[in-house]
Amino acid sequence: MSDNRVALVTGASRGIGAAIASRLAADGWDLTISSRGQEALEQRADELRDVGAGRVEVIPADMTDADAVEGLAAAHAEAFGRCDALVINAGMGQKGAVADLPVRRFDRLYQVNVRAPYILLQSLIPTLRSTAQAHGSSKVIAVASITGVYPEPELSAYGATKAALISLCETFNLEESLNGLSATTIAPGYVDTDMSGWLKDQIPADEMITVGDVATMAHAVTQLSRFAVLPNVILTRPGTNLHRA
Ligand SMILES: NC(=O)c1ccc[n+]([C@@H]2O[C@H](COP(=O)([O-])OP(=O)(O)OC[C@H]3O[C@@H](n4cnc5c(N)ncnc54)[C@H](OP(=O)(O)O)[C@@H]3O)[C@@H](O)[C@H]2O)c1
């Protein structure tokens, strides 16, 4: 088992996942980073080492492929034997009204935003439990969305998958928190990343939540003792629409 604190971060090649990985790296964590493209991950791994990470493992996996997701969890457990933070961040968006969005698109959203998190949680429970037993606690940090809490027109399928992710993590807390494992979902409104690029002509990037804001919340969760369970954090943009993305 590694002596450093260890995290597995999905969707770590850019955006929110890259920012969370970087924040943990600055504290000297060991990391497994994952997304689909090997090259972007290798580049990110070098940057993480530069800012202070210990060992960094690059394990590409497509979250639509159940076997690959299981393989990612197994490879992480094999490499480190420890998981202080499982950061479930890889996700995809899809815009469309209930009247229009094809079911095949809903299926893909579900695979990435719900099924893959379920597989990761299930596969890593033994490692999360042994980490909590040896070191006091282990955390699951899942990046959901404000649309999983407050419905948003045109984001029906996306919001439904994020609501499912929040529910999954809440149940996980009921089942596992007495063992020192707990899950926190972070549910932001629009964050300035590639994913929100389609609407930056309506909401300027510099008026969106920053990736640093989300990384700060994720980092704070890693500081909590096993006796403090934080189920969900909503990050909303300033203004009068507190419940809108
Ligand atoms: N940006 C927002 O406004 C916002 C708001 C609320 C919540 N969120 C949530 O925040 C999380 C991160 O999003 P982001 O804004 O940082 O988006 P992003 O910049 O587009 O990054 C998405 C990350 O997920 C990876 N990814 C996408 N599809 C994948 C797949 N099928 N398999 C494996 N990895 C995949 C991407 O890497 P590759 O493409 O290289 O695979 C990338 O590393 C998502 O869960 C998203 O739903 C975003």
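In this predicted model, the ligand occupies the largest pocket. The volume of that pocket is about 960 Å³. Its lining comprises 41 residues, and those closest to the pocket centre are A90, G91, M92, G93 and M195. Sorted by class, the lining of the largest pocket contains 18 polar, 16 nonpolar and 7 charged residues.

Three helices, α1, α4 (103-135) and α5, each provide at least two residues of this lining. The largest contribution to the lining comes from α1, which supplies 3 residues.

The shell around the ligand was examined next. It consists of 29 residues, of which S13, R14, R36, Y158 and T193 are the closest to the ligand. In this shell, 13 residues are nonpolar, 11 are polar and 5 are charged. Helices α1, spanning residues 15-26, and α5, spanning residues 156-176, each contribute at least two residues to the shell. Both helices also supply at least two residues each to the lining of the largest pocket.

Polar contacts to oxygen atoms of the ligand involve side-chain and backbone atoms of the protein. S13, one of the closest residues of the shell, places an N or O atom of its side chain 2.7 Å from an oxygen atom of the ligand. At I16, a polar backbone atom is found 2.8 Å from a ligand oxygen atom. A backbone N or O atom of N89 is likewise 2.8 Å from an oxygen atom of the ligand. The ligand taken alone exposes 880 Å², and 94% of this area is buried by the protein.

A further pocket is present in the model, the second largest, with a volume of about 220 Å³. Its lining is made up of 13 residues, and I203, R237, N241, R244 and A245 are those nearest its centre. By class, this lining has 5 nonpolar, 5 polar and 3 charged residues.

In summary, the ligand takes up the space of the largest pocket, with 94% of its 880 Å² buried by the protein. Its oxygen atoms are approached by a side-chain atom of S13 at 2.7 Å, by a polar backbone atom of I16 at 2.8 Å and by a backbone N or O atom of N89 at 2.8 Å.

Technical notes. Residues are numbered from 1 along each chain as its sequence is written. This is a predicted model: local features need pLDDT of at least 70, side-chain atom pairs count only at pLDDT 80 or more; totals for chains, interfaces and linings use all residues. Side-chain values use heavy atoms; hydrogens and water are left out. A residue is near a molecule or strand if one of its heavy atoms lies within 4 Å of it. A polar contact is a pair of N or O atoms within 3.5 Å; within protein, one must be able to donate a hydrogen and the other to accept it, and residues adjacent in sequence count only if both atoms are side-chain atoms. Accessible areas come from the Shrake-Rupley method with a 1.4 Å probe; for residues, only the protein chains shown count as cover. On a 1 Å grid over the protein atoms alone, a cavity is a set of points where a 1.4 Å probe fits but cannot get out, and a pocket is an open set with protein on both sides within 12 Å along at least five of seven lines; lining residues have an atom within 4 Å of a point. A molecule sits in a cavity or pocket if more than half of its atoms lie within 2 Å of its grid points. Helices (H or I, at least four residues) and strands (E, at least two) are DSSP runs, numbered from the N terminus. Ala, Val, Leu, Ile, Met, Phe, Trp, Tyr, Cys and Pro count as nonpolar, Asp, Glu, Lys and Arg as charged, and the others, Gly among them, as polar. Grid points are joined across faces, edges and corners, and a volume is the space filled by probe spheres set on the points.
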